[in-house]
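Me: Please take me through one part of this protein in close detail, starting from a single residue and working outwards to what surrounds it. I would like a connected picture that I can follow on screen.

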Amino acid sequence: MTASTTHLGAGEAGGAPGAITRRYRVDPESSPRREHVAFRATRRGDELPAWILVPQWPRADRFANAVGFVRAAKLSIRLRHPQVVRTLDVGLLADGRPYA
C-alpha cells in the first residue's frame, strides 16, 4: 500500500478533509487493511467513538465499487440491532473515494 492510499486526503487533522473534521476528531494514525483503511475517530458533540472506513480499490474499479459501497452504507444507516455496528455517516471525499 502506498502512502497515498493510507490517508483521507489533503486537509486538517490526520489528513482528513474538512467535511470529516467538522463532524469528527480523527486520529492521525490509520489501520490499513487489504480492502480499506480504517481511521479511529470521535464524533463531535456527543463524543461517540467511531471508525471511518475508506475503501482501497484499483483506479479502474473505483467508480463501480464506490456506487455499491455507498448504496450499502446508506442502507445500513437504517439498521438497528444490538449485534450490528451502526453506520453514522456516508459520503464522498474530494477525490471521489467514498467513506462510511
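Reply: Happy to. Let us settle one term first: two residues are in contact when they have heavy atoms within 4.5 Å of each other. Please also keep in mind that this is a predicted model.

Let us start at Leu88, which you will find in the loop between H2 and S4. Setting aside neighbours within four places in sequence, the contacts of Leu88 are Tyr24, Arg43, Leu48 and Ala50. The contact with Ala50 bridges 38 residues of chain, and the two C-alpha atoms are separated by 8.3 Å. Is Leu88 buried, partly exposed or exposed? Its relative accessible area is 25%, and buried means under 20%, so Leu88 counts as partly exposed.

Two of those contacts take us straight into the sheet. Tyr24 stands opposite Arg43 in S2, so following either residue brings you to the pairing of S1 with S2. These two strands run antiparallel and are joined by six bridges, and the hairpin that connects them has three residues. Another pair to find on screen is Ser31 with its bridge partner Ala38 in S2.

Now step across to the other neighbour of S2. S2 and S3 are antiparallel as well, with seven bridges between them. Val37 has Val54 of S3 as its bridge partner, while Thr42 is matched with Pro49. Taken together, three strands make an open sheet in the order S1-S2-S3, with antiparallel pairing. S1 and S3 are the edge strands, each pairing on one side only. From one strand to the next, the twist averages 25°.

The hairpin of S2 and S3 deserves a pause. It has five residues between the strands, and Gly45 there takes a positive phi near 100°. Glu47 is also in the loop between S2 and S3. Its phi is near 60°, a positive value in a residue other than glycine. As background, most residues other than glycine have a negative phi. Glu47 is partly exposed, because its relative accessibility is 42%.

Next, which residues make up the largest nonpolar core? There are eleven of them: Ile20, Tyr24, Val26, Val37, Phe39, Ala41, Ala50, Ile52, Val54, Leu93 and Tyr99. Strands S1 (24-32), S2 (36-43) and S3 (49-55) are the elements that each give two or more residues to this core. This ties back to our starting point: Tyr24 and Ala50 are core members, and both are contacts of Leu88. The bridge partners Val37 and Val54 belong to the core too. In soluble globular proteins, nonpolar side chains tend to be buried together.

Going back along the chain from Leu88, we come to H2, the helix at the other end of its loop. H2 covers residues 62-77, 16 residues in all, and reaches 22 Å from its first C-alpha to its last, close to the 22 Å expected at 1.5 Å a residue. Buried in this helix are Arg62, Ala66, Val70, Ala73 and Ser76. Viewed down the axis of H2, these residues fall within an arc of 125°, so they line one face of the helix. An α-helix has 3.6 residues a turn, so residues three or four places apart point the same way. On the other side of H2, Ala64 and Arg71 are exposed. The buried residues of H2 pack against strand S4 (91-92) and strand S5 (98-99).

To place all this in the whole chain, there are two helices and five strands, and they follow the pattern α-β-β-β-α-β-β along the sequence. Of the 100 residues, 33% count as buried. Among contacts between residues at least 6 apart in sequence, 37% join residues at least 24 apart; the contact of Leu88 with Ala50, 38 residues along the chain, is one you can now find for yourself.

Definitions and conventions: Residues are numbered from 1 along each chain as its sequence is written. This is a predicted model: local features need pLDDT of at least 70, side-chain atom pairs count only at pLDDT 80 or more; totals for chains, interfaces and linings use all residues. Side-chain values use heavy atoms; hydrogens and water are left out. Helices (H or I, at least four residues) and strands (E, at least two) are DSSP runs, numbered from the N terminus. The expected span of a helix is 1.5 Å times one less than its number of residues. Buried means under 20% relative accessible area, exposed over 50%, partly exposed in between (1.4 Å probe, protein chains only). The arc is that of the directions from the helix axis to the C-beta atoms. A nonpolar core is a set of buried Ala, Val, Leu, Ile, Met, Phe, Trp, Tyr and Cys residues joined through side-chain atoms within 4.5 Å. Two strands pair if DSSP finds at least two bridges between them. Axes are lines fitted to C-alpha atoms, for helices over the stretch in contact, and angles run from 0 to 180 degrees between N-to-C directions.
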